[in-house]
Number of protein chains: 2
Amino acid sequence: MRLSELSRDELVALRTESQTAYDALLERGLKLDLTRGKPSAAQLDLSNELLELPGAGRYTDAAGVDCRNYGGTQGLTEVREIFAPLLGVPAAQLVAGDNASLSIMHDALVFSLLKGTTDGPRWVDQPVKFLCPVPGYDRHFALCEAYGIEMVPVDLGPHGPDLDQVRALVADDPSVKGMWVVPTYANPDGAVYSEEVTRALVEMETAAPDFRIFWDNAYAVHHLTEDERPAIDVLGLAEAAGHPDRVFVFASSSKITFAGAGVSFFGSSPANVAWYLGHLAVRTIGPDKLNHLRHALYLRDAEGVRRLMRAHREILRPKFDQVAEILTRRLGEHELASWTDPEGGYFISLDVPDGTASRVVALAKQAGIAMTAAGAAFPYGRDPRDRNIRIAPSMPAPADVAAAIDGLATCVLLAAAEQRLGE
Amino acid sequence: MRLSELSRDELVALRTESQTAYDALLERGLKLDLTRGKPSAAQLDLSNELLELPGAGRYTDAAGVDCRNYGGTQGLTEVREIFAPLLGVPAAQLVAGDNASLSIMHDALVFSLLKGTTDGPRWVDQPVKFLCPVPGYDRHFALCEAYGIEMVPVDLGPHGPDLDQVRALVADDPSVKGMWVVPTYANPDGAVYSEEVTRALVEMETAAPDFRIFWDNAYAVHHLTEDERPAIDVLGLAEAAGHPDRVFVFASSSKITFAGAGVSFFGSSPANVAWYLGHLAVRTIGPDKLNHLRHALYLRDAEGVRRLMRAHREILRPKFDQVAEILTRRLGEHELASWTDPEGGYFISLDVPDGTASRVVALAKQAGIAMTAAGAAFPYGRDPRDRNIRIAPSMPAPADVAAAIDGLATCVLLAAAEQRLGE
């Protein structure tokens, strides 16, 4: 029965029942972590071949370059060629870096702050604002916060942000310099930007001539269904729209091969790539080319990546199904919460009754279930409705995911009943 | 006979003789590169075991952490413990990063510019000057130039910079925020900072409370003689002097294992390490821990590094000896040039007659011998005497080093004779 239709007596009964379940949960002494989107050991095992690569006597790339030595800021051609079709970026406009696309985003931001973009002076002397579709990725927001960039939330729907909000914000304010986008299976709510929304974003007029979309295609190939939709050609659309330099594309193999030892990518217009490589050359003599070679030998081609991602799906899909099943069973009848059913990516976004997310996360923590902090998916960690909780089911074993989500459901019910009873 | 004592006829003869030699050199059509301090293939071969490491089924560190996954910003304990005694930095105060210490220097500078240090506001809002002992490392100077930091040259002697100059510059001017130091076998002139100079640098009073020494110990273990002097305990000296946060230590295994796929290090006071890690956490979820594990398995301990460096010495020493032999034979009698006889590191610094270095490098280039640009060892690429040329003999095969240096000597003689004849 719907929570909103329960009588006071029924609410008290639910409160008591949930408290009993919660006390039992406390007694179990769980120690589970659903905070971060980390791949599980079983997923990492898929790529264990990398542990022995490149192998004895193998250290030259296709062009004959000794990958052990210095140099080659753009990264190995062959690893760029593998990922180019998957990301919809020509290999010549792709830069392969070290293990973290977050670092590339950081550096692109730092270069813009301290050196300016190709079409504007350095940002550090001006007020800078970034549009942040919410809910979104907490590490994007942490980057903005660290460097004093004001974050302006905009509502994110299933196919992209509210375009009216976005257009109104960029039209008159030249301090709106950027926007975060996770175009495919967005963290945390699984949104997938449509081609229409994408076209609108690259076509719209912006008061800032140096407006940049930080297009973090972190989950480009991380399908949870058989519908393996290709990446949108965002650079092509931007060029066609007359704004070829508007988009920075970021990606990595972190959730494809090894999370801590993958290869990251930066893609953009030729002018932006030259800009990025020019500044990068002051920071490094080159990326770890042996790790590029290792990945090229292991993945072979785009189809190799697709095959590997299907093996990931085999491991991930049951965990996502399990979360949906438990949430439906435990919370469905009360119609007090809603959650996403993502077609890819690493997260399920759970909305509990307004004003209770913090309480739910605190209750879960006390019961040994670590969830990402409530509000983490919002700029400055502030969820205006205190209702959103990010669930990351990838890392724990299936039985642990089940225990954690069941416990979490208990916390949701308890917090909701408490609230309705005015406690 | 000394160049300065030659009669005009003798000079003309030398000019003619050198021109003939140079013409013969042109005909040889050489294609040699002595521009950068890159290890040779033979040196890289020493560490080929790394190509197969960590090996099948090996991915956990001593603490049981899965190195394939995210996390661990400070880097693997075991790789920090190997390098700690070599760098004279406690392992707890050492951070292991990715493949380039230049990147760590860049980031330490960027964090200081955009976030401020532990004891002062951000640098980007103030004029900032760095003292640059000259000749020095061109990539240090490129970092300063990129970020608008004014470089102030100070004279470097065999045991460190001219302390009177340094003290005078730091005493009254709070915009002097930093100083570059390559303490061991400095690039390019092989200077080795003495403990006395080091003590003076960490003891001196500075107008800037947030003065930082960027202590780039790039060649800490790169001995070319059997005198394997230990690293100076610069952090201990700084702490004893009451300036515990003055020094950032940088190092890497680039010229120990693989130049492009090694491990880099940052070391400093506990407060500075916390400062660095705090800002680093916004940039990355962690370094490539598998590469740390690979290095820990291969190097084993500090003695393993020392053994490896002796094998490097076996390869490098003959090349350095060859350069000295050829320069002495070809240029010695004329007493027109001087060059260093380094006890370690990667470079020989050659001083030719004032005003001729650019001409020598241009002549060499025309003859297919690529040398680092004249002036590269000076801020803004400006050698006030236009006399310094950096020789990097490590990369080419011995016969090529000989051909290049012999050709270079021809260019030196030709340029000197031209100059004396007023051409």
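This is a short walk through how two domains and two chains fit together in a predicted model.

Okay, some housekeeping. Since the model is predicted, local features need pLDDT of at least 70 and side-chain atom pairs count only at pLDDT 80 or more, while totals for chains, interfaces and linings use all residues. Residues are numbered from 1 along each chain as its sequence is written, chains are lettered from A and ligands numbered from 1 in the order in which they are written, and side-chain values use heavy atoms, with hydrogens and water left out.

Let's start inside chain A. The domain assignment splits chain A into domain 1, which is 3-43 plus 306-420, and domain 2, which is 61-300; those bounds come from an automatic or database assignment. Taken over C-alpha atoms, the centres of the two domains in chain A are 30 Å apart.

So how do they touch? In chain A, 29 residues of domain 1 are in contact with 34 residues of domain 2, contact meaning heavy atoms within 4.5 Å. About 2,800 Å² is buried between these two domains of chain A, and carbon and sulfur atoms give 60% of that. Buried area here is the accessible area, with a 1.4 Å probe, that two parts lose on being put together, summed over both.

There are 5 salt bridges across this domain interface in chain A, where a salt bridge is a side-chain nitrogen of Lys or Arg within 4 Å of a carboxyl oxygen of Asp or Glu. If you want one to look at, A:E228 and A:R310 meet in a salt bridge, with N to O at 2.8 Å. On the domain 1 side, the elements of chain A that give two or more residues are α11 (302-331), β11 (348-351) and β13 (388-391), and α11(A) gives the most, with 9 residues. Helices (H or I, at least four residues) and strands (E, at least two) are DSSP runs, numbered from the N terminus.

Now, over to the two chains. 59 residues of chain A are in contact with 59 residues of chain B. The area buried between chain A and chain B is about 4,700 Å², with 55% from carbon and sulfur atoms. In chain A, the residues that lose the most area to chain B are A:R68, A:Y70 and A:R283, together 18% of what that side buries.

Between the chains we count 4 salt bridges. In one of them, B:R68 pairs with A:D45, with the closest N and O atoms 2.7 Å apart. As for the elements, α2 (41-45), α4 (101-115), α5 (138-146), α9 (270-283) and α10 (289-299) of chain A each give two or more residues to the side that touches chain B. Of these, α4(A) gives the most, with 9 residues.

And how are the copies related? Chain A can be laid on chain B with an RMSD of 0.1 Å by a turn of 180° and a shift of 0.0 Å along the axis, superposing by least squares on the C-alpha atoms of residues with pLDDT of at least 70 in both. That is the relation of a two-fold axis. The same surface serves both copies, with 100% of the contact residues of chain A recurring in chain B. In chain A, A:E52 comes closest to the rotation axis, its C-alpha at 2.4 Å.

Last, some backbone oddities. Most residues other than glycine have a negative phi, and most peptide bonds are trans. But A:V134 and A:P135 are joined by a cis peptide bond, omega about 0°, and A:P135 is in the loop between β3 (129-134) and α5 of chain A. The bond from B:V134 to B:P135 is cis too, with omega near 0°. Finally, B:Y380 is not a glycine, yet has a positive phi of about 60°.
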